[in-house]
Amino acid sequence: MLNRNIETFIGCDNEYEESGIVIFGAPFDSTTSFRPGTRFASKAMRGDSFGIETYSPYQDKDLEDIAIFDGGDLELSFGNTERALGQIEEFTAKVLSDGKIPCMIGGEHLVTLGTMRAVAKHYPDVHVIQFDAHADLREDYLGESLSHATVIHRVWDLLGDNRIYQFGIRSGDRSEFQWGKDRVFTNKFNFNGLTDVIDKLKGKPVYLTIDLDVLDPSVFPGTGTPEAGGVSFMELLQAILQVSELNIIGCDVNELSPPYDQSGVSTAVACKVLRELLLAISSKN
Ligand code: MN
Ligand code: MN
């Protein structure tokens, strides 16, 4: 049989109507402070995903057995951050209103604000779990309020106190940590405390945002702002599996910047993280 040459993430070639999970790319990196390139992540991941298997020996599950739709990349307005965020919000709102789980491939971390604007409307009681090296809690970055360095502060603007749980954080300025102290839960350096948070969030709608720079740069050098002292792949996988016990209503992986890792290892790692994430949250469908 002949098929059109349409490249999806491996094993994610189902139709929209039949799928419980919808992946899509948000190739946006206009506010990246140090090294841009995340706009190439979703395309690189689709291509390189064929270098990994659809089957996960960790979970004994296979992408071939679950229905996932890959909507391709959004065509985002470059140079107009608000419009790009609006486009992401609109797409996410459609997916949510159809009763599906949006799973976005960034892009820089700011793209999460787009999905969260839709998610906060659809699930007013949503809680956010963030895996990241960086706090991303700045009020503004060089005078700009919309930035990958401010994104979680902007999410707090939507949700308010005690709705955001950060893990793996090992970078930020002092004022960010001080500001966050009574407003968000911050677990520095690792995933300690995740079990308690999961107990607390049982039954609530949860959005999971994974900034892949939470991984150590030795595992994942292909990112704009690498930060030494990160977690291992297995630690991240364990954390994803734990979080997947919750009611995950949306998720994203972001900050892969393929041009910074000519070996391609970072892209392969990102693909594996996404496969495990998809398989983990699919158990809820
Ligand atoms: Mn981030
Ligand atoms: Mn980060």
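**View 1. Cys103 and the cysteines around it in the predicted model.** Cys103 is buried, its relative accessibility being 0%. The closest cysteine sulfur to that of Cys103 belongs to Cys251, at 3.3 Å, which is too far for a bond. A disulfide would require the two sulfur atoms to lie within 2.5 Å. Cys12 is likewise in no disulfide, and the nearest cysteine sulfur, that of Cys103, is 8.7 Å away. Cys12 is buried as well, with 1% relative accessible area. The structure as a whole holds zero disulfides.

**View 2. Coordination of the manganese ion (ligand 1).** Four residues supply the donors: His109 through ND1, and Asp132, Asp136 and Asp211 each through OD, at 2.1 to 2.2 Å. Along the sequence these donor residues follow the spacing H-x22-D-x3-D-x74-D. His109 sits in the loop between strand S5 (101-106) and helix H3 (111-122), while Asp211 belongs to strand S9 (residues 205-211), so the pair ties together parts that are 102 residues apart in sequence. Both His109 and Asp211 are buried.

**View 3. Coordination of the manganese ion (ligand 2).** The protein donors here are Asp132 (OD), His134 (ND1), Asp211 (OD) and two OD entries from Asp213, lying 2.1 to 2.5 Å from the ion. Their spacing in sequence is D-x1-H-x76-D-x1-D. His134, in the loop between strand S6 (127-131) and helix H4 (151-159), and Asp211, in strand S9, are 77 residues apart and link distant parts of the chain. His134 is buried, as is Asp211.

**View 4. Asp132 between the manganese ions.** Asp132 coordinates both the manganese ion (ligand 1) and the manganese ion (ligand 2). The two ions bridged by Asp132 lie 3.2 Å apart.

**View 5. Surroundings of Asp211 in strand S9.** Asp211 appears among the donors of the manganese ion (ligand 1) and among those of the manganese ion (ligand 2). Asp211 is buried yet has no salt bridge. Its nearest side chain of opposite charge is Arg170, 8.3 Å away, whereas a salt bridge needs a nitrogen–oxygen pair within 4 Å. The side chain of Asp211 does make a polar contact, at 3.3 Å, with the side chain of His109. Leaving aside neighbours within four places in sequence, the residues in contact with Asp211 are His109, Phe131, Asp132, Asp136, Asn254 and Glu255.

**View 6. Asp136 in the loop between S6 and H4.** Asp136 coordinates the manganese ion (ligand 1) through OD. Asp136 is buried and without a salt bridge; Arg138, the nearest side chain of opposite charge, is 6.8 Å away. With neighbours within four places in sequence set aside, the contacts of Asp136 include His109, Gln130, Glu176 and Asp211. Also among them are His148, Ala149, Thr150, Val151, Ile152 and His153.

**View 7. Gly72 in strand S4 (residues 68-73).** Gly72 has a relative accessible area of 19% and is buried, the cut-off being under 20%. Gly72 and Phe24 are 48 residues apart in sequence, with 5.2 Å between their C-alpha atoms. Beyond neighbours within four places in sequence, Gly72 is in contact with Ile23, Phe24, Gly25 and Arg46.

Definitions and conventions. Residues are numbered from 1 along each chain as its sequence is written. Chains are lettered from A and ligands numbered from 1 in the order in which they are written. This is a predicted model: local features need pLDDT of at least 70, side-chain atom pairs count only at pLDDT 80 or more; totals for chains, interfaces and linings use all residues. Side-chain values use heavy atoms; hydrogens and water are left out. Donors are N, O and S atoms within 2.8 Å of the metal (3.2 Å for Na, K and Ca); water is not among the atoms, so sites may look incomplete. Helices (H or I, at least four residues) and strands (E, at least two) are DSSP runs, numbered from the N terminus. Buried means under 20% relative accessible area, exposed over 50%, partly exposed in between (1.4 Å probe, protein chains only). Lys and Arg count as positive and Asp and Glu as negative; His and the chain ends are not counted. A polar contact is a pair of N or O atoms within 3.5 Å; within protein, one must be able to donate a hydrogen and the other to accept it, and residues adjacent in sequence count only if both atoms are side-chain atoms. Contact means heavy atoms within 4.5 Å.
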